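User: I'm new to reading protein models, and I'd like a close look at one part of this one. Could you walk me through the salt bridge and its surroundings, and tell me how far to trust what I'm seeing?

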Amino acid sequence: MSDNESHQDHFNFSEYLLIVLALVALTLAVNNLSSGFASPLVWGGLLVTVISFVIFFKLAKQEGKAHIINISVLKNTGFNQGLLIYTFLQFIQINLTFVIPNLTQLGLKTSAFTSGMLLLLGSLLSAFFGPVMGRLLDSQGFKKLFLIGNFLAMAGILLYIIFAQKLSIALIVIFHVMFMTGFSMMYNNSMTIGLQQLEVMHIAGSPYQGQSKQVVMGSQAAFIVLFIFTLLIFACVLRLIKRDKQGLVKN
């Protein structure tokens, strides 16, 4: 085949089906966690997820075939750190959009409209700060942005944990704004930094408690889990800074 001839790879349908199967099984497992790990939908879904991903990665390592995902990029540590920060932030943000409205509506007895509006200010600020933080990344580098952003995100979630039993509408908004400001400093920029590393881009609460108390306790537990993810983000940030000092990060 000459250099001017085009080459068309076939769509790897088997790898696509494995990804779909893994995600569907994981969704079913997560949605049925309230039934406990003894539920067949929970342990069965998790088992199918693991098996599907194991088979997928084995197929994706085969040479001479077109693949859905080029897993060789996962050998790049800098890319992995950026991807983990991006993924963890997305996980926390999605969970907050679920936990906060439920906490305020069921725990604080606000209306559904009010519960939804609590997220508005932080979301608007995040949308506004997005391009601004991108410009700061270009002019200042990632280290200060990521450290300050991680501190704000971590502080926002930690304050939710500390004040979980005494949360008011005002505190919920303030803490969410803190998190979303830190989020906007890292979210898009983390993937930008990650991609730059590639040479070629190819259950809490007792049943004996009242509903409000259970919701508050459950929300606090959820915030604790999310705070753990901010710690994981911090570890990734520190690892990126260490690699940058070694001259291994393109910035």
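Analyst: Let's start with trust. This is a predicted model, and its chain has an average pLDDT of 82, with 86% of the residues scoring at least 70. Confidence isn't even along the chain: it peaks in helix 6 (residues 142-162), at a mean of 94, and drops to its lowest in helix 8 (residues 211-245), at 78. Keep those two helices in mind for the next part.

Now for the part you asked about. The structure holds one salt bridge, and the partners are K143 and D244, whose side chains come together at 3.1 Å, N to O. D244 sits in helix 8, the helix with the lowest mean confidence in the chain.

Are the two partners buried or exposed? They land in separate classes. D244 has a relative accessibility of 18%, and anything under 20% counts as buried, so D244 is called buried. K143 has a relative accessible area of 34%, so it goes down as partly exposed. What else does D244 touch? Leaving out residues up to four places away in sequence, D244 is in contact with F142, K143 and V249. So the salt-bridge partner K143 turns up in that list because contact means heavy atoms within 4.5 Å, and the bridge itself spans 3.1 Å.

A little context from elsewhere helps. There's a nonpolar surface patch of about 750 Å², built from F13, Y16, L17, V20, V24, L28, L41, I68 and I69. Helix 1 (residues 13-31) is the biggest contributor, giving six residues. L28 is one of the patch members and lies in helix 1; its relative accessible area is 42%, so L28 counts as partly exposed.

Another spot to find is L84, in helix 3 (residues 77-107). L84 is partly exposed, at 35% relative accessibility. S190 is 106 residues away from L84 along the chain, yet their C-alpha atoms are separated by 8.6 Å.

Finally, here's where to be careful. Residues 1-6 stay under a pLDDT of 50, and the model gives them two contacts beyond four places in sequence. Residues 201-209 also stay under 50, with twelve such contacts. Treat those two stretches with caution when you look at the picture.

Methods
Residues numbered from 1 in each chain as written. Predicted model: local features only at pLDDT ≥ 70, side-chain atom pairs only at ≥ 80, totals over all residues. Heavy atoms only, no water. Helix = DSSP H or I, 4+ residues; strand = E, 2+ residues; numbered from the N terminus. Buried < 20%, exposed > 50% of the residue type's maximum accessible area, 1.4 Å probe, protein only. Salt bridge = Lys/Arg side-chain N within 4 Å of Asp/Glu carboxyl O. pLDDT = per-residue confidence, 0-100. Patch = residues over 30% accessible without salt bridge, like charges linked within 9 Å, V, L, I, M, F, W, Y side chains within 5 Å. Areas by Shrake-Rupley, 256 points an atom, 1.4 Å probe, with all protein chains shown as cover.
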